[in-house]
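Subject: Handover of a structure and notes on its contents

Dear colleague,

Please find below the structure that I am passing on to you. My notes on it follow directly after.

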Amino acid sequence: MNDRTSDVHTAEWAERALAEAAHHEPASREEQVLERIERARRRRPKITEERVTLAHGAGGKASRTLIEAVFVDAFRNPVLQPLDDGATLDLGTGRLVFTTDAYVVSPLFFPGGDIGDLAVNGTVNDLAVCGARPMYLSAAFVLEEGFPIADLRRITASMAAAAERAGVQVVTGDTKVVQRGKADGCYVTTAGVGALERPVTLGESQVRPGDAVIVSGPIGEHGITVLIARGDLDIEADLTSDTAPLHDAVAALLDAVPVRMMRDATRGGVATVLNEVARGAGVAVTVDERAVPVRPIVSGACELLGLDPLYVACEGRFVAVVDGDHAEAAVTALRRHPVGEGAAVVGRIEPGPPGMVLLNTAFGGTRIVDLLVGDPLPRIC
């Protein structure tokens, strides 16, 4: 092909492109921004850091990148792929949920709880929001040389009491001791098994436009309590952690209404859960800021510290997506239980823009609620 022929084809292609563009309205600035965000999210996760940072354990964008680029890439299989709070295992004679979690909270003891009951409640709740009845736990301890035996007894007593409240048993475990200064006192890892006794399928794939988004109670209390307990801030507040087992309230909800999915709002808070729903289901989540339950003491502390309560961790709250026609019945069912007394409908599932969480603010505007890269409150669970 000579240069002249090439020029003619180029000119014809340009004319066609201009003609096609003339039939389309130019994208608004908002549409351009949303498109850029979506393109960035579709990119294959890639670790750019050479070493692990605190942000990688915070439950935000850095955590998700680490999980997908390292762990999912290494262990990829159909059971792991959904990245739910627990793995659903079909044994042929019945279904089980299996989950595991590690706890490195600092300080070990805080108003309303300690690392012991936190470890039990956290694993019980991961099983519960997968629709399972919690049954058995394991507990592994990494102890630092010189750790007080009295503190270890206090922690295990809290675990035993929490297990009794939740109706589970700690049936196996392990203990390791490392040199002084190598473990920050005590780390606890728990794993749990629960039985799926209801014929339900939960997950982001079940979410549909028109569904309602419910939060089971006031948010952010655990994260702010732990932050204040560290003593790094000159703040005093009559506030305790919300750590609690959720299985009874979850069971009541499952028996009352059609539930699409559930997730407990731990690291990254409610905002992270909503982003996982939006992306996993390919929908938009719209949230009414005025409907989100936040105690004045938590909102005041967050305002003082420059934090958004939506991103602050809970340990006794969960987010549920239910059939929109049954939203009020769902709230009524939750409010019959102590952990659900403050339950509220906070938003709706919309068709688009896909993958977005939009907050209708108390001032009348709308803003995007995205995943944080890291977490302003590390070591809270």
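I begin with a pair of helices. Helix 7 (residues 247–256) and helix 10 (residues 327–334) pack at an angle of about 150 degrees, and their axes lie 9 Å apart. The crossing of these two helices, helix 7 and helix 10, is right-handed. On the side of helix 7, the residues in contact are A249, A252, L253 and A256, which meet A330, A333 and L334 of helix 10. Sorted by class, this contact between helix 7 and helix 10 comprises 7 nonpolar residues, with no polar and no charged ones.

Please bear in mind that this is a predicted model. The protein chain has a mean pLDDT of 89, with 87% of its residues at 70 or more. Residues 1–10 have a pLDDT below 50, and beyond near neighbours in sequence this stretch makes 2 contacts in the model.

A second helix pair is formed by helix 6 (residues 221–229) and helix 9 (residues 296–305), whose axes come within 10 Å and cross at roughly 60 degrees. Helix 6 and helix 9 are therefore oblique to each other. Their crossing, that of helix 6 and helix 9, is left-handed. Here E221, I224 and L227 of helix 6 meet V298, A301, C302 and L305 of helix 9. By class, the contact of helix 6 with helix 9 holds 6 nonpolar residues, no polar residues and 1 charged residue.

I turn now to the strands. The model contains an open sheet of 7 strands in the order 9-11-8-12-10-13-14, and the pairing within this sheet is mixed. Its edges are strand 9 (259–264) and strand 14 (366–368), each of which pairs on one side only. On average, neighbouring strands of this sheet are turned by 25 degrees against each other, direction ignored.

In general, strands of a sheet pair through backbone hydrogen bonds, in either a parallel or an antiparallel manner. In which sense do strand 10 and strand 13 pair? Strand 10 (residues 284–288) and strand 13 (residues 357–360) pair in the parallel sense, over 4 bridges. Within this region, V287 stands opposite L359 in strand 13.

When you view the model, you may wish to start with the contact between helix 7 and helix 10, then move to that between helix 6 and helix 9, and finish with the sheet of 7 strands.

With kind regards

Note on methods:
Residues are numbered from 1 along each chain as its sequence is written. This is a predicted model: local features need pLDDT of at least 70, side-chain atom pairs count only at pLDDT 80 or more; totals for chains, interfaces and linings use all residues. Side-chain values use heavy atoms; hydrogens and water are left out. Axes are lines fitted to C-alpha atoms, for helices over the stretch in contact, and angles run from 0 to 180 degrees between N-to-C directions. Angles under 35 degrees count as roughly parallel, over 145 as roughly antiparallel, 65 to 115 as roughly perpendicular and the rest as oblique. A crossing is left-handed if the near helix is turned anticlockwise from the far one by less than a right angle, and right-handed if clockwise. Contact means heavy atoms within 4.5 Å. Ala, Val, Leu, Ile, Met, Phe, Trp, Tyr, Cys and Pro count as nonpolar, Asp, Glu, Lys and Arg as charged, and the others, Gly among them, as polar. Two strands pair if DSSP finds at least two bridges between them. pLDDT is the predictor's confidence in each residue, from 0 to 100.
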